[in-house]
Amino acid sequence: MKMQAIKQQVYKLTNTSSTKELRKERHDLTHGRDLRYKAQWLEILEQLKLLLQDSSDISLDELNKSEAMLKRSLLRVGRLSGLSDKDIEMDWKRIQLEAQLNNDIHIEEL
């Protein structure tokens, strides 16, 4: 497979359109890599395929359980922090909205 075809697959899987954008958006994939070489792009593509395979192994039931556990944790931490139930619910809705928009939720933001 030619390097340009590999790059196009990587861009498609990461929703990016250039090497510059890929470096900015997916630092986890590009850090420490010399993207002038085909072997580096193949490694990124394989890493993405593994990530997609791992994420497709999660069932809807597991996702729902994980969401419920996250909400319970948020409630506990919120109450320990002295937040009202209304404030906690607003945080929960913000988290859900950000998850829909970004697909990334970082524990530091909570």
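**Exercise 1. One side of a helix**

In this predicted model, work out which residues of H1 are buried and where they sit around its axis.

*Solution.* Start with the list: Ile-6, Lys-7, Val-10, Tyr-11 and Thr-14 are the buried residues in H1. Next, look down the axis: these residues cover an arc of only 135 degrees, so they lie on the same side of H1. Now check the helix itself. H1 takes in residues 3-14, which makes 12 residues, and at 1.5 Å a residue the expected span is 16 Å. Its end C-alpha atoms are 16 Å apart, so the two values agree. Finally, step off the end: just after H1, Asn-15 has a positive phi of about 55 degrees.

**Exercise 2. Following Leu-29**

Find the element that holds Leu-29, decide whether Leu-29 is buried or exposed, and list what Leu-29 touches beyond four places in sequence.

*Solution.* First, place the residue: Leu-29 belongs to helix H3, residues 27-30. Second, take its relative accessible area, which is 0%. Buried means under 20%, so Leu-29, at 0%, counts as buried. Third, collect the contacts. Skipping residues up to four places away, Leu-29 touches Thr-14, Ile-44, Gln-47, Leu-48 and Leu-51. Thr-14 has already turned up among the buried residues of H1. Last, take one pair and compare sequence with space: Leu-29 and Gln-47 are 18 residues apart along the chain, and their C-alpha atoms are 7.9 Å apart.

**Exercise 3. Two more buried residues**

Do the same job for Thr-30 and Gln-40: which residues does each one touch, leaving out those within four places in sequence?

*Solution.* Take Thr-30, which is also in helix H3. Its relative accessible area is 1%, so Thr-30 is buried. Its partners, with the sequence neighbours left out, are Leu-22, Arg-23, Leu-35 and Ile-44. Ile-44 is a contact of Leu-29 as well.

Now move on to Gln-40, in helix H4, residues 38-56. Here the relative accessible area is 18%. With the cut-off at under 20%, Gln-40 still counts as buried, because its value is 18%. Gln-40 touches Arg-33, Asp-34 and Leu-35 under the same sequence filter. Leu-35 also appears in the list for Thr-30.

**Exercise 4. How H5 meets H6**

Describe the packing of H5 and H6: what is the angle, and how far apart are the axes?

*Solution.* Begin with H5 alone. H5 has 21 residues and reaches 30 Å from its first C-alpha to its last, close to the expected 30 Å. After H5 comes Gly-82, with a positive phi near 85 degrees. Then bring in the partner: H5 (residues 60-80) packs against H6 (residues 85-102) at about 140 degrees, with the axes 10 Å apart. The crossing is right-handed. For the residues involved, H5 brings Glu-67, Leu-70, Lys-71, Leu-74, Leu-75, Gly-78 and Arg-79. On the H6 side they meet Asp-85, Ile-88, Glu-89, Asp-91, Trp-92, Ile-95 and Gln-96.

**Exercise 5. Zooming out**

How many helices and strands does the protein chain have, and what share of its residues is buried?

*Solution.* Count the elements: there are 6 helices and 0 strands, running α-α-α-α-α-α from the N terminus. Of the 110 residues, 19% are buried. For the surface, the chain exposes about 8500 Å², and carbon and sulfur atoms supply 54% of that. To finish, take contacts between residues at least 6 apart in sequence: 33% of these join residues at least 24 apart.

Definitions and conventions
Residues are numbered from 1 along each chain as its sequence is written. This is a predicted model: local features need pLDDT of at least 70, side-chain atom pairs count only at pLDDT 80 or more; totals for chains, interfaces and linings use all residues. Side-chain values use heavy atoms; hydrogens and water are left out. Helices (H or I, at least four residues) and strands (E, at least two) are DSSP runs, numbered from the N terminus. The expected span of a helix is 1.5 Å times one less than its number of residues. Buried means under 20% relative accessible area, exposed over 50%, partly exposed in between (1.4 Å probe, protein chains only). The arc is that of the directions from the helix axis to the C-beta atoms. Contact means heavy atoms within 4.5 Å. Accessible areas come from the Shrake-Rupley method with a 1.4 Å probe; for residues, only the protein chains shown count as cover. Axes are lines fitted to C-alpha atoms, for helices over the stretch in contact, and angles run from 0 to 180 degrees between N-to-C directions. A crossing is left-handed if the near helix is turned anticlockwise from the far one by less than a right angle, and right-handed if clockwise.
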